[in-house]
Every structure is written in structure tokens, then in C-alpha cells.
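The exercises below are meant to be worked through with the sequence and the model side by side. Each task is followed by a solution that goes step by step.

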Amino acid sequence: MRRRAVRRHDALSAAWDELAERHTPARPLAEFLARHESDPEGYALAQAKEDLLLQPLVQEVAQRAVAGDPHFGMSFLTDDPVAYFAREHEALRQGVLRTAVPGYALLTLDGSWWDADGEGYGDRANAYLDDLDPEAVVVDVLCHC
């Protein structure tokens, strides 16, 4: 699961890099918001959001998300892809690695429920999973409550 998550992340980063090479550099939403905050009467919040979305790189990511591109999921329609990819690749990769198996909650073999909202969850859950018997089977369940 970890290897698969990291491969997906690396493929996503490569797809972004490929798109970014073909477009003029895009600016993150934070820059537009700063302009709005410095002049709320002259530069509306709606205009700041629209200006982010009008950038050719952001437009292409959105179009690919809607078209079902395997790299750019629907979350890129509501999140700022420029800010996401501006973060350091290795730090993002490590985050993907840390959350690949434990996800948002973990049900341990003794029936304990650990929730991702708890302090230190990621480290604790990964340590638990790493210490399981090599023959243990880990099941990833997608659940919508």
C-alpha cells in the first residue's frame, strides 16, 4: 500500500511538472487573497478566486480533473493546485508515505479504534502496523458514514 501510494504521488508530481513546463508560471490563491485583503473594496474575493481559476495551468488541471485524468482527481477542482505543488516534493512524498496505510482511522487486532484526530496518531499507527507479524493481513476499507 505504501509503495502504491508513493508511486501514485510520484506520477502526480511528474504529470504536474509536465503541465507546468508547457504553461506560464501560475500564482497560488494566497497571492490573490493578499491583494483582496489589502484592497477589499477594489478587488473582490470572488475576483481573487476567479483570477486563480483563469490561469492556463490551473484551467488545464481542472479540465483534466473533470475529464477523469488518473493523476488529477476531483479535489483539484476545490483545492489550489499551485499551492499544493509549490510545497517541497520530498515532504509531500513522506506525508503520502505516512498516511498510506493508517488512513483516517485504524482498527487494531485487539478491537481498539484509533482515530486520526488523536495526537500522534500517524506515528503511533505506523509503529503498530510495522510491528505486526509479517503474516498479518492488513485490510483497507473505504467507508462513508
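In these exercises, contact (or touching) means that heavy atoms lie within 4.5 Å. The model is a predicted one, in which local features need pLDDT of at least 70 and side-chain atom pairs count only at pLDDT 80 or more, while totals for chains, interfaces and linings use all residues. Residues are numbered from 1 along each chain as its sequence is written, and side-chain values use heavy atoms, with hydrogens and water left out.

**Exercise 1. The overall layout**

Task: Work out which elements the protein has, in what order they run, and how spread out the chain is.

Solution: Begin with the helices and strands, which are DSSP runs numbered from the N terminus (helices are H or I with at least four residues, strands are E with at least two). There are seven helices and two strands in the protein, and when read from the N terminus they follow the order α-α-α-α-α-α-β-β-α. Next, consider the radius of gyration, which is taken over C-alpha atoms and set against a globule rule of 2.2 Å times the number of residues to the power 0.38. The protein is more spread out than a compact globule, because its radius of gyration is 19 Å, well over the 15 Å that the rule gives for 145 residues. Finally, the C-alpha trace spans about 60 × 35 × 30 Å along its principal axes.

**Exercise 2. Burial and contacts in the whole chain**

Task: Find what share of the residues is buried, and what share of the contacts with a separation of 6 or more joins residues 24 or more positions apart.

Solution: A residue is buried under 20% relative accessible area, exposed over 50% and partly exposed in between, with a 1.4 Å probe and protein chains only. By this cut-off, 30% of the 145 residues are buried. Among contacts with a separation of 6 or more, 51% are between residues 24 or more positions apart.

**Exercise 3. The nonpolar cores**

Task: Identify which helices supply the largest nonpolar core, and which residues in this core touch the most other members.

Solution: The first step is the term itself: a nonpolar core is a set of buried Ala, Val, Leu, Ile, Met, Phe, Trp, Tyr and Cys residues joined through side-chain atoms within 4.5 Å. The largest such core has 17 residues, of which Trp16, Phe32, Val61, Phe72, Phe76 and Phe85 touch the most other members. At least two residues of this core come from each of helix 1 (2-22), helix 2 (29-38), helix 3 (45-53), helix 4 (56-67) and helix 5 (81-86), and helix 1 gives the largest share, four residues. Apart from this core lies another, of seven residues, including Leu106, Trp114, Tyr121 and Leu132.

**Exercise 4. Three residues that meet**

Task: Trace the contacts of Trp16, Phe76 and Pro81, leaving aside neighbours within four places in sequence.

Solution: Start with Trp16, which sits in helix 1 and counts as buried because its relative accessibility is 8%. Beyond its sequence neighbours, Trp16 is in contact with Leu57, Val61, Phe72, Pro81, Val82 and Phe85. With one of these partners, Val61, the C-alpha to C-alpha distance is 8.4 Å, although the two are 45 residues apart in sequence. Turn then to Pro81 in helix 5, which is buried at a relative accessible area of 1% and, with the same neighbours set aside, is in contact with Trp16, Val58, Val61 and Phe76. Phe76, when residues up to four places away are not counted, touches Leu12, Val61, His71, Pro81, Tyr84 and Phe85.

**Exercise 5. Two histidines and a loop residue**

Task: Decide whether His9 and His36 are buried or exposed, and then find where Met74 lies.

Solution: His9, in helix 1, is buried, with a relative accessible area of 3%; not counting residues up to four places away, His9 touches Tyr84, His89, Leu92, Arg93 and Val96. His36, found in helix 2, also counts as buried, at 17% relative accessibility, and under that sequence limit His36 touches Tyr43, Ala44, Leu45 and Ala48. Met74 is placed in the loop between helix 4 and helix 5, where, leaving aside neighbours within four places, Met74 is in contact with Ala65 and Val66. Met74 and Ala62 are twelve residues apart in sequence, and their C-alpha atoms are 8.0 Å apart in space.
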